[in-house]
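I opened my notebook to look up three things: empty space inside, charge pairs, and nonpolar surface. Here is what I wrote down.

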Amino acid sequence: MTALEKRAAFAGALMKISYIGFLITLTLGTWVWVQEGRQPSITIWVIRVAPMLMFAPGIFKAQLRAIAWMCFASLLYFVMAVTEAFSSLAIWFNYIELGMVVVLFCSATVFIRWQAQMLRESAAQESEAV
């Protein structure tokens, strides 16, 4: 296993863990640690979680295009998390949610880069062998 493969595997594992962690934080932020002035609601939970769940098959199959689209979608969650974290009604859990979305975005973008490099290198090695 080359250094690039190790880095890609680490980034992929971190991406999957942070993806699951982010879904958990979205769920807990909707049901358990609710900001002041909000009420837990199944509708709000579905609206918050469903867009990210659409990317689950692509993430766990390591499809680079699906992961790239998930990165774009996570930017909207980043904006929402920053707004909630710097609100006057912020609670400690808002900072955890913000941290999770940052780790998810960073690990996914690094995984895309390293995985694409690894695929290009293996394709170049195969073309040299033929």
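**Empty space.** I searched the whole structure, which is a predicted model, and found one cavity of 30 Å³ or more. I noted its volume as about 40 Å³. Which residues lie nearest its centre? I listed Gly 29, Trp 33, Glu 84, Asn 94 and Glu 97, out of ten lining residues. Then I sorted the lining by type: three residues are nonpolar, three are polar and four are charged. I also checked which element gives the most to this lining, and helix α5 (residues 92-129) does, with three residues.

**Charge pairs.** I counted salt bridges next and got one. Arg 48 pairs with Glu 97, and their closest N and O atoms are 2.7 Å apart. I traced both ends of the pair: Arg 48 sits in helix α2 (residues 42-53) and Glu 97 in helix α5, so the bridge links distant parts of the chain, 49 residues apart. Are these two residues buried or exposed? I found Arg 48 buried, and Glu 97 buried as well. I had already met Glu 97 among the residues nearest the cavity centre.

**Nonpolar surface.** Last, I looked for a nonpolar patch on the surface. I found one formed by Trp 31, Val 32, Trp 33, Ile 42, Val 46, Trp 92 and Ile 96. Together they have about 670 Å² of accessible area. Helices α2 and α5 are the elements that give two or more residues to the patch. I took a closer look at Trp 31, which lies in helix α1 (residues 3-31). Why does Trp 31 count as partly exposed? I noted its relative accessibility as 37%, and partly exposed runs between 20% and 50%. Trp 33 appears twice in my notes: it is in this patch, and it is also listed nearest the cavity centre.

Definitions and conventions: Residues numbered from 1 in each chain as written. Predicted model: local features only at pLDDT ≥ 70, side-chain atom pairs only at ≥ 80, totals over all residues. Heavy atoms only, no water. 1 Å grid on protein atoms, 1.4 Å probe; cavity = no way out; pocket = protein on both sides within 12 Å on 5 of 7 lines; lining within 4 Å. Points joined across faces, edges and corners; volume = space filled by probe spheres on them. Helix = DSSP H or I, 4+ residues; strand = E, 2+ residues; numbered from the N terminus. Nonpolar A, V, L, I, M, F, W, Y, C, P; charged D, E, K, R; others polar. Salt bridge = Lys/Arg side-chain N within 4 Å of Asp/Glu carboxyl O. Buried < 20%, exposed > 50% of the residue type's maximum accessible area, 1.4 Å probe, protein only. Patch = residues over 30% accessible without salt bridge, like charges linked within 9 Å, V, L, I, M, F, W, Y side chains within 5 Å. Areas by Shrake-Rupley, 256 points an atom, 1.4 Å probe, with all protein chains shown as cover.
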